[in-house]
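Please open the model in your viewer and keep the sequence panel beside it. The tour below proceeds by selections, each followed by a description of what is there.

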Amino acid sequence: MREIVIYWLGNMLNKRGKKMSKKKNVVNTLSSERTESAYLNFINSINGTRIVDPLNIPKLKRSYWIRHDVDISLPHALYFAEFEAKNGIISTYFLLHNNEYFDYSENFANIVKRLISLGHTIAFHNDVLSLWWEDKTKDIISLLNPPLNFLRQFSTVEGTACHGHACHYERGYINYEVWKEYDPTKNYGFEIKCPKISLNDVGLKYEAYFLPYTHLYSDSGKNDIGYVVGNSRMFEKDALLSKRNIGLKVIDEFNKEDSGFLELLFHPIYWGRK
Ligand SMILES: [Zn+2]
C-alpha cells in the first residue's frame with residue numbers, strides 16, 4: 001500500500017511539474033551570468049544587515065544570511081569561499097556527509113580547516129533519510145554521529161540543512177522530516193513514517209528550513225527561486241513550481257520591508273570559475 005501511495009505521489013508531482021512548467025512563470029533570471037561579479041552585484045543589491053549566526057536574528061531590522069549547500073565539488077566551494085572572504089563576505093558552508101568528498105581524509109580535514117580559517121561557519125548538509133532508505137534497520141543517531149564528530153574536531157557544528165534530490169520526491173520524503181521539530185503545518189513534507197530524533201540529540205541547534213525567514217531565495221537547479229514566505233514554508237521545488245515564485249524580485253520585496261529575515265541559498269558550483 002505504501003509503495004502505491006509513494007508511486008501515486010511521485011506521479012502526481014511529475015504531472016504537476018509538467019503542468020506548471022507549461023505555464024512559464026516569468027521570473028528575472030541570473031542563470032546566464034553566474035559570474036563572480038554577478039554574485040557581488042546580487043549581494044550588494046540587498047539592503048540589509050548580513051548576519052553569520054541565524055540563531056541571532058535582529059528583530060527590528062532587515063537582515064539576511066547566506067547559506068551554501070556543497071552538493072558537489074568541495075575544491076570549487078573552497079575557491080568560492082576564498083573569493084567571498086577576499087570580498088568581506090562571510091557565510092555558512094553546509095557539507096554533505098554522504099558525498100564522496102566527505103571521505104574523512106587529511107585532505108578533506110585541511111579544506112574544512114581552511115573554510116574555518118577564512119571566517120566561514122561550517123554546518124551539516126543532511127541526507128540521512130537516503131541512508132536509512134537503503135537500510136531501514138540503521139539507527140539514525142549512529143548514521144549522523146560519525147560525520148558530525150569528524151567536523152566537530154575543527155569547530156562547533158550547530159546547523160543542518162536538508163539536502164533535496166528529485167529521487168526523494170519519488171520515494172516520498174524530505175530529509176528534514178527526520179527531526180522531531182518538523183511540523184507539517186509549518187513546512188512542506190510527505191509525513192513519511194521514519195524514525196525521528198531531536199536536533200538536540202545530535203547536538204544541533206537549527207535546521208535551515210525551520211528558521212523564521214520571511215523571504216527566501218534559492219538558486220536550486222540553476223533557477224532563481226524567490227518567494228515572500230507569509231504563512232507557507234514550501235520546499236524549494238514547490239516554491240519553484242508555485243505561482244508564488246517571484247524569482248529575483250524577492251530582493252526588491254525584502255528591501256521594501258522595515259524588518260524581515262532573508263535566507264539565501266546558493267550552490268557554489270553554479271557560481272564563478274568552472
Ligand atoms: Zn543539497
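What follows is a walk from the whole chain to single elements and then to individual residues.

**The whole chain**

Begin with the whole chain, bearing in mind that this is a predicted model, and colour it by pLDDT, for which the mean over the protein chain is 89, with 88% of the residues reaching 70 or more. Residues 1–27 should be read with caution, since the pLDDT over this stretch is below 50, and the stretch has 16 contacts in the model beyond near neighbours in sequence. Switching to a cartoon view shows 9 helices and 9 strands in the protein chain, and of its 274 residues 38% are buried. If contacts are drawn between residues at least 6 apart in sequence, 68% of them join residues at least 24 apart.

**Strand 2 and its partners**

Next select residues 62–70, which form strand 2, and ask how many of its residues are buried. The count is 9 of 9, so that the strand is mostly covered. With side chains displayed, Arg 62, Tyr 64, Ile 66, His 68 and Val 70 point one way, while Ser 63, Trp 65, Arg 67 and Asp 69 point the other way, and the residues of both sets are buried.

Keep strand 2 selected and add the strands that pair with it. Residues 49–50, which are strand 1, pair with strand 2 in the parallel sense over 2 bridges, and Arg 50 has Tyr 64 of strand 2 as its bridge partner. Then add residues 260–266, strand 9, whose pairing with strand 2 is also parallel and runs over 7 bridges; here Arg 62 has Gly 260 as its bridge partner in strand 9. Strand 3, residues 92–96, is likewise paired with strand 2 in the parallel sense, over 4 bridges, and the partner of His 68 in strand 3 is Tyr 93.

**Across to strand 3 by way of helix 3**

Now follow the chain from strand 2 through helix 3, residues 74–86, to strand 3, a path that makes a right-handed β-α-β unit. In the loop between strand 2 and helix 3, stop at Ser 73, which has a positive phi of about 55° although it is not a glycine. This deserves a second look, because most residues other than glycine have a negative phi. Ser 73 counts as partly exposed because 16 other C-beta atoms lie within 10 Å.

Select helix 3 itself, which has 13 residues and reaches 18 Å from its first C-alpha to its last, close to the 18 Å expected at 1.5 Å a residue. Which of its residues are buried? They are Leu 74, Ala 77, Leu 78, Phe 80, Ala 81 and Glu 84, and because they cover an arc of only 165° around the axis, they lie on the same side of helix 3. Pro 75 and Lys 86, on the other side of helix 3, are exposed. To see what covers the buried residues, display the surrounding elements, which include strand 2, strand 3 and helix 4, residues 106–117. Just after helix 3, Gly 88 takes a positive phi of about 75°.

**The loop towards helix 4**

Move on to the loop between strand 3 and helix 4 and select Tyr 104, whose phi is near 65°, a positive value in a residue other than glycine. Is Tyr 104 buried or exposed? Tyr 104 is exposed, because it has 9 C-beta neighbours inside 10 Å, and the cut-off for this class is 12 or fewer.

**Two pairs distant in sequence**

For the last stops, measure distances between C-alpha atoms. Select Ile 43, which lies in helix 2, residues 36–44, together with Ile 89; the two are 46 residues apart along the chain, and their C-alpha atoms are separated by 9.1 Å. Ile 43 has 19 other C-beta atoms within 10 Å and is therefore partly exposed, given that a residue is buried from 20 upwards.

Finally, go to Lys 222 in the loop between strand 7 (215–218) and strand 8 (225–228). Add Arg 34 to the selection: these two residues are 188 apart in sequence, yet 9.2 Å apart in space from C-alpha to C-alpha. Lys 222 has 13 C-beta neighbours inside 10 Å, which means that Lys 222 counts as partly exposed.

How values were computed: Residues numbered from 1 in each chain as written. Predicted model: local features only at pLDDT ≥ 70, side-chain atom pairs only at ≥ 80, totals over all residues. Pairing = 2+ DSSP bridges. Right-handed = clockwise from strand over helix to strand, strands pointing away. Expected span 1.5 Å × (residues − 1). Arc of directions from axis to C-beta. Contact = placed C-beta atoms within 7 Å. pLDDT = per-residue confidence, 0-100.
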